[in-house]
Amino acid sequence: MSHGTRSEGAPRTDGPVPPGRHAVVVGGGLAGTTAALALADAGVRVTLLEGRPRLGGLAFSFRRGDLTVDNGQHVYLRCCTAYRWFLDRIGGADLAPLQDRLDVPVVDADRPEGRRLGRLRRDPLPVPLHLGRSLATYPHLSLADRARVGRAALALKGLDLGDPALDEQDFGSWLAAHGQSPRAVEALWDLVGVATLNAVAGDSSLALAAMVFKTGLLSDSGAADIGWAQVPLGDLHDRLARKALDSAGVRTETRTRVTSVRSDGDGGWTVDIPGETLRADAVVLAVPQREAYDLLPAGALDDPDRLLGIGTAPILNVHVVYDRTVLTRPFFAALGTPVQWVFDRTHASGLRHGQYLALSQSVAHDDIDAPVADLRARYLPELERLLPRTRGAEILDFFVTRERTATFAPAPGVGRLRPGARTKAPGLYLAGAWTATGWPATMESAVRSGVGAADAALGALGRLRPRHLFALEEAA
C-alpha cells in the first residue's frame with residue numbers, strides 16, 4: 001500500500017499547521033508508535049515515553065550469542081490493512097512480505113508417515129469458492145465433516161457482527177450447534193482460532209471469532225494470505241520505527257517510566273517522569289490495561305474497574321537450533337501433538353550454519369511456568385515425530401521465551417469491558433490492542449487503536465487528519 005514519497009521530516013498535512021500544540025504518548029509499542037506518528041504527521045509536537053530500553057512492546061527482539069531472537073513469532077494477514085500501513089509508513093513493507101497466495105501445510109502426527117501432510121490453500125476464485133477445492137481435499141477431515149464445515153462457514157458469514165449478543169456467546173457452543181465435530185474444531189477452527197485469538201473455541205467470544213473468520217476467510221479471496229518478518233522484529237518495530245519517529249520530529253524517550261498523569265485544571269495535562277514534568281494539550285495512554293488503570297485520573301472512565309476485568313492469556317515460544325537443515329518449508333501447523341505452529345527463523349536470526357526453528361504455542365497456560373528441562377523433554381520428542389530429519393540431528397541450543405500476559409483473553413463478554421479511545425477527561429485518550437477496536441489482540445488491533453486515539457486527539461486539538469493517513473475501515 002504505497003503512499004508515494006516525501007522529503008524526510010516533512011509533515012503530512014492538509015493545510016497550514018497552527019503552532020504550539022503538544023501531545024504526550026505514554027507507551028512505545030505498536031499502538032503508541034502509531035499514535036505518535038499520526039499526531040506528528042498532522043503537525044502536532046509529540047513526546048513519546050517508553051519505560052523499556054526499546055520500542056516495540058511485546059513484539060521485539062534480543063541478542064542470544066550470535067543470534068538475534070524474536071521473543072515470539074508474529075504474523076499478519078493481507079486483511080490487516082492498518083499494520084500494512086504501519087509497515088509502509090516506517091519503510092519496512094519489503095522486510096515483511098506476504099505470501100502470493102494462502103498456503104498452510106498442516107501435518108497430523110497421528111497419521112502414518114507419508115500420509116500426514118494436508119494443506120489449506122486458496123485458489124484465485126471469488127469468495128467462498130477460493131477455499132472450496134482445498135476443503136474438499138483436506139485429508140484431516142472426513143467427507144461428512146468437510147460438508148458440515150461449508151455449511152457452518154455460510155452460517156458464520158450471515159452473522160451480524162454489530163449484534164452485541166454475539167459477544168456473550170462462546171464460539172465452541174455455536175460450532176457444536178452448527179454440526180461441527182470435535183475433530184473439525186481441532187483440525188480447522190482451532191487451528192486458525194488458537195493462533196489468532198489465543199483461546200480455544202469454547203473460551204472465545206463468538207463476536208471476536210466470527211470477526212476473525214469473516215474478515216480473514218470470507219471477505220476477500222486474498223484476505224488470509226500470511227505475512228511475516230524476514231528480519232528480526234526489532235529491525236521493524238524499534239530501529240525503523242525510531243527512524244520514522246525521528247524524521248517526523250517526535251521526541252522519543254526510552255527507559256522513561258511515567259509516574260503520574262493529571263489534569264492541570266486549565267484544559268491541559270501534566271505528565272510526571274523522573275526528573276522532569278511535561279505539560280501537554282493531549283495525552284495518549286498506550287499501555288497495557290493494568291498500567292492504564294494505575295495512571296488514569298479519577299473520573300476518566302465511568303467504571304475503571306472494568307479494565308481489571310479484562311483477563312490475559314499467555315504465549316510460550318520454544319526455540320531449537322539444530323546442526324543441520326531439518327525443515328524445508330518456511331512454516332507448518334501441526335495436529336495430534338502439543339506442537340502448534342513451527343517456523344524457520346534461520347535466516348532472520350543471522351544463523352549461518354544449521355537451522356533454527358521457533359515453536360509458537362498459544363493458550364500456553366499449562367506450560368508457561370514449566371521448567372526448561374520439562375519443556376525440552378516434552379517438545380523435542382514431538383519434533384522428532386513430526387520431522388524425521390531431526391532424529392539424527394544435534395541440538396546446538398534449546399531455550400524458551402515466555403509472555404505470561406501476551407494478549408487479552410477473548411472470553412465471552414470481553415467486548416463490554418473494552419473501552420474506546422475517548423475518555424471522559426477531555427484531552428486524554430486510550431490506545432492498545434485491548435481497547436475497543438473490534439479485533440482480537442493482534443498487531444493489527446494495536447495499530448488500529450493508535451490511529452483511533454490519534455484521530456480523536458486531532459479532532460480535539462483542531463487539527464485536520466493527515467491526508468496520507470490511510471482511510472481506516474470501520475472495525476467489523
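Ser349 counts as buried because its relative accessibility is 3%, where the cut-off for burial is under 20% relative accessible area. This value, like the others in this report, is computed from a predicted model. Ser349 belongs to helix H12, which covers residues 346-349. A polar atom of the Ser349 side chain lies 3.3 Å from the backbone nitrogen of Leu351. Beyond its neighbours within four places in sequence, Ser349 is in contact with Asp66, Leu67, Thr68 and Tyr356.

**The parallel sheet**

Elsewhere in the model, five strands form an open sheet in the order S9-S2-S1-S13-S19, and their pairing is parallel. Strand S9 (251-253) and strand S19 (428-430) are the edge strands, each pairing on one side only. From one strand to the next, the twist averages 15°.

Strand S1, residues 22-26, pairs with S13 and also with S2. The two pairings are set out below.

| Pair | Residues of the partner of S1 | Sense | Bridges | Opposed residues |
|---|---|---|---|---|
| S1 and S13 | S13: residues 282-285 | parallel | four | Ala23 and Ala282 |
| S1 and S2 | S2: residues 45-49 | parallel | five | His22 and Arg45 |

The connection from S1 to S2 passes through helix H1 (residues 30-41), and this β-α-β crossover is right-handed.

**Burial of S1**

How many residues of S1 are buried? Five of its five residues are, and the strand is mostly covered. Both faces of S1 are covered. His22, Val24 and Val26 are buried on one side, while Ala23 and Val25 are buried on the other. Two of these buried residues also appear in the bridge pairs: His22 has Arg45 of S2 as its partner, and Ala23 stands opposite Ala282 of S13.

**Helix H14 and the annotated span**

Helix H14, residues 443-461, lies across S13 and S19. The helix runs at about 165° to S19, which is one of the two edge strands of the sheet.

The UniProt record, an unreviewed entry, lists residues 30-457 as "domain: Amine oxidase". In the model, the end C-alpha atoms of residues 30-457 lie 17 Å apart. Helix accounts for 33% of this span and strand for 22%.

Note on methods: Residues are numbered from 1 along each chain as its sequence is written. This is a predicted model: local features need pLDDT of at least 70, side-chain atom pairs count only at pLDDT 80 or more; totals for chains, interfaces and linings use all residues. Side-chain values use heavy atoms; hydrogens and water are left out. Two strands pair if DSSP finds at least two bridges between them. Axes are lines fitted to C-alpha atoms, for helices over the stretch in contact, and angles run from 0 to 180 degrees between N-to-C directions. Contact means heavy atoms within 4.5 Å. UniProt positions are given in the numbering used here, feature names are shortened, and annotations may be inferred rather than shown by experiment. Buried means under 20% relative accessible area, exposed over 50%, partly exposed in between (1.4 Å probe, protein chains only). A crossover is right-handed if, with the strands pointing away from the viewer, the path from the first strand over the helix to the second runs clockwise. A polar contact is a pair of N or O atoms within 3.5 Å; within protein, one must be able to donate a hydrogen and the other to accept it, and residues adjacent in sequence count only if both atoms are side-chain atoms.
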